[in-house]
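Here are some comments for a colleague who is about to look through this model. They are set out as numbered points, and each can be read beside the coordinates.

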Amino acid sequence: MNKRPRRNRKSAVIREMVEETRLSVKDFIFPIFVIDGTNKKEEVASMPGIYRHSTDLLLKEIEECMNLGIKAFDIFPAYPEDKKDKYATEGHNPETFYLQAIHKIKSTFPEACIMTDVAMDPYSSDGHDGIVEDGKILNDETLDILGKMAVAQAQAGADIIGPSDMMDGRVAFLRNELDTHGHKDVSIMSYTAKYASGFYNPFRDALDSAPKAGDKKTYQMDPANLHEALIEAELDEAEGADFMMVKPALAYLDVIRLLKQNSRLPIAAYNVSGEYSMIKAAGERGWLDSERIMMESLLSIKRAGASIILSYFAKEFALLQK
């Protein structure tokens, strides 16, 4: 045989020289949860190793991550029910702890890249990403609230805002609001192809943000659809998105590849809570080598075409590189 592919697998040195996909700590954005108060650290029951931190302890967590080489963080707030209402007004209250936390983090670590979440559900008494009227999610009326949230987050110090709501036209609306209020340098990472997935439940546990009634299928995408993602991508790019995201990641590697092949914008993928929790749970039971499966899963996301990976594994991955 003249062709023996195994010759390029015969030693670790040769395998490393010819490997096609490489992960770096620079590829990651670490999603983290913030709560109100002082000296609070609460483990998310369905996400082993992931915690909700009050701002003071979150600063210590971010410092640890920065020392490991993680420079980008996506911050999500967990609010009690008494702070929620129909119109998510707490989401743009300048005194709210989330905006104060963003400001404190960015002031303490100006070299960090801070991403924020633009959606109503953490602040909504209905638990939806838009205004609910008679069981329907109102699209256009929701945009004004999202615009106020985006501007407030930019003023607090956000480098990237992440509209996760899946309302039509929101990227153009937010881009205009940001520019009008002097935030032309604030980037938009659009949740371009966010699917109505069952993989989000641990995240909703972390934020207590599940819908009080109904589901999100009228605005999040149908898992059966691939090419519909191109419609969303073309709109987001035309409306001014700087990055496009696919969420979840592992069950949607084909969507990541499709967007990578059809856009020159950087493609991000969100390795979501359910994907994290499955691996952790199987590892705890001894069914899988969780560290090995973590690496294999993350490699698959990058191999599919993601330049950026939002993952709860970011810190664990970084620790392994030391």
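Is serine 124 buried or exposed?

1. This is a predicted model, and the question above has a clear reply in it: serine 124 is buried, since its relative accessible area is 0%. The residue belongs to the loop between β5 and β6 (131-133), and once neighbours within four places in sequence are set aside, its contacts are Lys84, Asp85, Ala88 and Lys212.

2. One of those contacts, Ala88, deserves a comment of its own, because alanine 88 is not a glycine and yet has a positive phi of about 50°. Alanine 88 sits in the loop between β4 and α3, and with a relative accessibility of 0% it counts as buried.

3. A second positive phi in a residue other than glycine, near 55°, is found at asparagine 39, in the loop between β1 and β2 (41-43). Asparagine 39 counts as exposed, its relative accessibility being 58%, whereas alanine 88 counts as buried.

4. The backbone also holds a cis peptide bond, from lysine 247 to proline 248, with omega near -5°. Proline 248 is placed in the loop between β10 (243-247) and α8.

5. Helix α8 (residues 253-262) packs against helix α10 (residues 290-304) at an angle of about 30°, and their axes are 8 Å apart. Because angles under 35 degrees count as roughly parallel, α8 is described as roughly parallel to α10. On the α8 side the contact is made by Leu253, Ile256, Arg257 and Lys260, and on the α10 side by Ser300, Ile301, Arg303 and Ala304. By class, the residues of this contact comprise four nonpolar, one polar and three charged.

6. Helix α3 (residues 97-108) has 12 residues and reaches 16 Å from its first C-alpha to its last, which is close to the 16 Å expected at 1.5 Å a residue. Its buried residues are Phe97, Tyr98, Leu99, Ala101, Ile102, Ile105 and Lys106, so that a lysine appears in the list beside Phe97 and Leu99. The elements that cover these buried residues include the strands β1 (28-35), β4 (72-77) and β5 (113-118), together with the helices α2 (55-67) and α4 (140-156). As background for reading such a list, an α-helix has 3.6 residues a turn, so residues three or four places apart point the same way.

7. How many disulfides does a search of the whole structure find? The search finds zero. For cysteine 65 the closest cysteine sulfur is that of cysteine 113, and because the two sulfurs are 14 Å apart, they are too far for a bond; the cut-off for a disulfide is a pair of sulfur atoms within 2.5 Å. Cysteine 65 is buried, with a relative accessible area of 0%, while cysteine 113 is partly exposed, with a relative accessible area of 25%.

8. The last point concerns arginine 204, which is found in helix α6 (residues 201-207). At 17% relative accessibility arginine 204 counts as buried, because the limit for that class is under 20%. The C-alpha atom of arginine 204 is separated by 9.9 Å from that of serine 46, although the two residues are 158 residues apart along the chain.

Methods. Residues are numbered from 1 along each chain as its sequence is written. This is a predicted model: local features need pLDDT of at least 70, side-chain atom pairs count only at pLDDT 80 or more; totals for chains, interfaces and linings use all residues. Side-chain values use heavy atoms; hydrogens and water are left out. Axes are lines fitted to C-alpha atoms, for helices over the stretch in contact, and angles run from 0 to 180 degrees between N-to-C directions. Helices (H or I, at least four residues) and strands (E, at least two) are DSSP runs, numbered from the N terminus. Angles under 35 degrees count as roughly parallel, over 145 as roughly antiparallel, 65 to 115 as roughly perpendicular and the rest as oblique. Contact means heavy atoms within 4.5 Å. Ala, Val, Leu, Ile, Met, Phe, Trp, Tyr, Cys and Pro count as nonpolar, Asp, Glu, Lys and Arg as charged, and the others, Gly among them, as polar. Buried means under 20% relative accessible area, exposed over 50%, partly exposed in between (1.4 Å probe, protein chains only). The expected span of a helix is 1.5 Å times one less than its number of residues.
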